[in-house]
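Reader: I would like a close look at one part of this model, the place where two helices pack against each other. Please set that part in the context of the rest of the chain.

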Amino acid sequence: HYDAAARQFVPEYNLPSNWTPLLYGVVPADFYTEYDLNPLYSANVTGAGVAIGIIDESNIDLSLANAYRSVFGLKANPVQVVLDGGDPGTNTSDVESYVDVELAGAAAPGATVNLYLSAGSPYQDPLKLAALRAVEDNQADVLSLSWGAGEAELGNSGNQFWNALWEEAAAQGQTVLVSAGDYGQTPDQDYFF
């Protein structure tokens with residue numbers, strides 16, 4: 001568990017010695033300090049009245065996201081799951097979904113966090129369907145998509161799809177944040193979605 005007063009993790013069990021990097025986790029209070037957000041929170045600017053849409057590939061166990069908020073002293077504010085068609089269930093992409101909803105909710109603890117998902121089909125990409133739903137719903141002020149691919153990988157039709165979708169979001173007043181890739185931009189390709 002995290003001891004907020006001591007600002008350190010206290011292991012519930014012993015980890016193997018080669019796992020020591022896990023002992024240096026970053027918690028919401030660290031994020032607030034690093035980005036100097038405490039003055040905003042002191043002025044009661046918490047994201048209240050704002051909706052953040054997380055576009056992802058895996059559903060989550062909502063009790064774990066709620067426990068994250070509780071462990072770090074954040075007020076209860078459950079994630080809202082919005083499905084376009086079928087539920088993809090919890091799959092190997094769930095870590096990304098947890099990180100995205102938990103940190104969005106920590107940075108803007110008063111905001112509503114919507115997790116947009118789709119199971120897709122053999123003919124339809126689930127991420128594209130989830131993104132379409134998030135833009136067409138026009139309920140989220142901010143959209144975040146942390147999966148990415150380079151323009152060269154997407155090809156003309158992929159680039160046209162994402163460009164048109166983000167243009168629609170911008171015309172509706174939605175702010176869109178996309179991944180820059182885990183390794184940053186390469187000289188020959190920009191990350192587009």
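Author: What follows starts with the whole chain, goes on to the helix pair, and ends with a second pair and some loop residues.

This is a predicted model, in which local features need pLDDT of at least 70, side-chain atom pairs count only at pLDDT 80 or more, and totals for chains, interfaces and linings use all residues. Residues are numbered from 1 along each chain as its sequence is written, and side-chain values use heavy atoms, with hydrogens and water left out.

The protein chain has six helices and seven strands. Helices (H or I, at least four residues) and strands (E, at least two) are DSSP runs, numbered from the N terminus. Read from that end, the order is β-β-α-α-β-α-β-α-β-α-β-α-β. Of its 193 residues, 35% are buried, where buried means under 20% relative accessible area, exposed over 50%, and partly exposed in between (1.4 Å probe, protein chains only). A contact means heavy atoms within 4.5 Å. Among contacts with a separation of 6 or more, 77% join residues 24 or more positions apart.

The pair to look at is helix α5 (residues 126-137) and helix α6 (residues 151-171), whose axes come within 9 Å and cross at roughly 20°. Axes are lines fitted to C-alpha atoms, for helices over the stretch in contact, and angles run from 0 to 180 degrees between N-to-C directions. The crossing angle makes α5 roughly parallel to α6; angles under 35 degrees count as roughly parallel, over 145 as roughly antiparallel, 65 to 115 as roughly perpendicular and the rest as oblique. The crossing is left-handed, the term for a near helix turned anticlockwise from the far one by less than a right angle, with right-handed used if clockwise.

On the α5 side, the contact is made by Leu127, Lys128, Ala131, Leu132, Val135 and Glu136, and on the α6 side by Phe161, Trp162, Leu165, Trp166, Glu168 and Ala169. By class, this contact has nine nonpolar, no polar and three charged residues. Here Ala, Val, Leu, Ile, Met, Phe, Trp, Tyr, Cys and Pro count as nonpolar, Asp, Glu, Lys and Arg as charged, and the others, Gly among them, as polar.

Ring pairs link Phe161, Trp162 and Trp166 into a cluster. The structure holds five aromatic pairs. In one of them, the ring centres of Phe161 and Trp162 are 4.9 Å apart and the planes stand at 85°, so the pair is edge-to-face. Rings of Phe, Tyr and Trp (its six-membered ring) pair if their centres lie within 6.5 Å; planes under 30 degrees apart count as stacked, over 60 as edge-to-face and the rest as tilted. Trp162 is buried, at 1% relative accessibility, while Phe161 is partly exposed at 22%.

After α5, Asn138 sits in the loop between α5 and β6 (142-145). Its phi is near 50°, a positive value in a residue other than glycine, and Asn138 is partly exposed at 36% relative accessibility.

A second helix pair is α3 (residues 62-71) and α4 (residues 94-107), with axes that come within 10 Å and cross at roughly 35°. α3 passes α4 in a right-handed crossing. Leu64, Ala65, Tyr68 and Arg69 of α3 meet Tyr98, Glu102, Leu103, Gly105 and Ala106 of α4. This contact has six nonpolar, one polar and two charged residues.

Asn44, in the loop between α2 (38-42) and β3 (51-55), also has a positive phi, near 65°. Asn44 is exposed, with a relative accessible area of 62%.
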